[in-house]
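Q: Could you take me through one part of this structure up close, the nonpolar surface patch, and show me how it sits in the whole protein?

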Amino acid sequence: MKESIYRLNCFVENKPGVLARIVGLISGRGYNIQTLNVGPTEDGTVSRMKIDVLGSARVVDQIILQLRNCVNVIEVTSRRR
């Protein structure tokens, strides 16, 4: 399968340890994060994460499923870059 860079847009609870948990989830499964940006939203209790990962569509779908199972993740969407 052809690998591409996918952008994952995640809305997460703005709590200590959430960033480390999400990065650990992705890297712990052997996937490389190309870029990572985190910033606040208008709602101070929610942060937005933009994560670029290199992989096939199947790999990215698996990452999304794992992220959606995280308690602190509110929403995850993706698109190919």
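A: **From the whole surface to one patch**

The accessible surface of the protein comes to about 5,100 Å², and 49% of that belongs to carbon and sulfur atoms; such areas come from the Shrake-Rupley method with a 1.4 Å probe, and for residues only the protein chains shown count as cover. Keep in mind that this is a predicted model, where local features need pLDDT of at least 70, side-chain atom pairs count only at pLDDT 80 or more, and totals for chains, interfaces and linings use all residues. Residues are numbered from 1 along each chain as its sequence is written, and side-chain values use heavy atoms, leaving out hydrogens and water.

Now to the patch itself. Leu 19, Leu 36 and Val 38 make a nonpolar surface patch of about 230 Å². Patch residues have over 30% relative accessible area and no salt bridge (a side-chain nitrogen of Lys or Arg within 4 Å of a carboxyl oxygen of Asp or Glu); like charges are joined within 9 Å, and nonpolar side chains (Val, Leu, Ile, Met, Phe, Trp, Tyr) within 5 Å.

Let's zoom in on Leu 36. This residue lies in strand 2, residues 33-40; strands (E, at least two residues) and helices (H or I, at least four) are DSSP runs numbered from the N terminus. Leu 36 counts as partly exposed because its relative accessibility is 33%, between buried (under 20%) and exposed (over 50%), with a 1.4 Å probe and protein chains only.

Stepping back, the protein has 2 helices and 4 strands, in the order β-α-β-β-α-β from the N terminus. Of its 81 residues, 35% count as buried.
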